[in-house]
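Colleague: I have a model open on my screen and would love a guided close look at one part of it. Could you walk me through it at an easy pace?

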Amino acid sequence: MSHGGFLKGGMDLPNEGRGMLPEEEEAVLEKLAKKVVDKGMTVPAIVFLESVKPLNFIGSQTMVFFEPIVQTVFNFKDYDNLRAALEKRESIEILILRIEEYDAVAHKKEKAFKKWYKQEKKKWKWYQRYLGVFRPKYTVPEEVMNPPDLADDSKDSDGAPSSP
């Protein structure tokens, strides 16, 4: 995190923004972040959120205006919690941090799956690999789809990047 510099007044949130919002609002932001990553819309969502960050209160008031229409389609409790969360200035930054966090986890899972799949394909016959004919059925092991959390696998205990 930056301490001063060219642009002052940045959003340095302690503990990645956890505990700054009420539990219901954090749950809605978590749910929204997971949906964004599941749909593969990480980059467009972050670009959009960064561009409308100064307008988050206006956006929440727009949500109040469209509330009667939205009540007929969406879950009103989640909608109301999202509107309440967007009234707070730090909520957009918290949402961006959650999206980046879930995207990093999804990227690790995808990388582990591709590595495992490459090793699995080496066991196949030539016509299965190159022609795609009679491909064998396979099941992905649990440790590949849910790898152990290695959040600081690229850092030593003192916080310095490790050399390969």
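Which residues do ring pairs link into a cluster?

Modeller: Happy to. Please keep in mind that this is a predicted model. The cluster you ask about is made of Phe 113, Trp 116, Tyr 117, Trp 124 and Tyr 138, joined by ring pairs. Across the whole structure, a search turns up eight aromatic pairs. Take Tyr 117 and Trp 124 to begin with: their ring centres are 5.9 Å apart and their planes stand at 90 degrees, so this pair is edge-to-face. Tyr 117 and Trp 124 are both buried.

Now stay on Trp 124 and turn to its pairing with Tyr 138. Here the centres are 6.5 Å apart and the planes make an angle of 35 degrees, which makes the pair tilted, because that class covers angles that are neither under 30 degrees nor over 60. This pair joins distant parts of the chain, 14 residues apart. Trp 124 sits in the loop between helix H6 (90-121) and helix H7 (126-130), while Tyr 138 sits in the loop between H7 and helix H8 (142-145).

The two partners are also covered to unlike degrees. Trp 124 has a relative accessible area of 6%, so it is buried, since buried means under 20%. Tyr 138, at 34%, counts as partly exposed, because its value falls between that limit and 50%.

To place this in context, let me step back to the rest of the fold. The protein has eight helices and zero strands. Of its 164 residues, 27% count as buried. In soluble globular proteins, nonpolar side chains tend to be buried together. In this model, the largest nonpolar core holds 20 residues, and the members touching the most others are Leu 29, Leu 49, Leu 82, Leu 95 and Ile 99. Helix H1 (23-38), helix H2 (42-52), helix H5 (76-86) and H6 each give at least two residues to this core, and H6 provides the largest share, with six.

Ile 99 is a good residue to click on next. Leaving aside residues up to four places away in sequence, Ile 99 touches Ala 33, Val 36, Val 37, Thr 42, Ala 45, Ile 46 and Leu 49. Such links across the sequence show up in the totals as well: among contacts with a separation of 6 or more, 64% are between residues 24 or more positions apart.

Finally, a look at the outside. The accessible surface of the protein is about 12,200 Å², and carbon and sulfur atoms account for 59% of that.

Technical notes: Residues numbered from 1 in each chain as written. Predicted model: local features only at pLDDT ≥ 70, side-chain atom pairs only at ≥ 80, totals over all residues. Heavy atoms only, no water. Phe/Tyr/Trp six-rings, centres within 6.5 Å; stacked < 30°, edge-to-face > 60°. Buried < 20%, exposed > 50% of the residue type's maximum accessible area, 1.4 Å probe, protein only. Helix = DSSP H or I, 4+ residues; strand = E, 2+ residues; numbered from the N terminus. Core = buried A, V, L, I, M, F, W, Y, C linked by side-chain atoms within 4.5 Å. Contact = heavy atoms within 4.5 Å. Areas by Shrake-Rupley, 256 points an atom, 1.4 Å probe, with all protein chains shown as cover.
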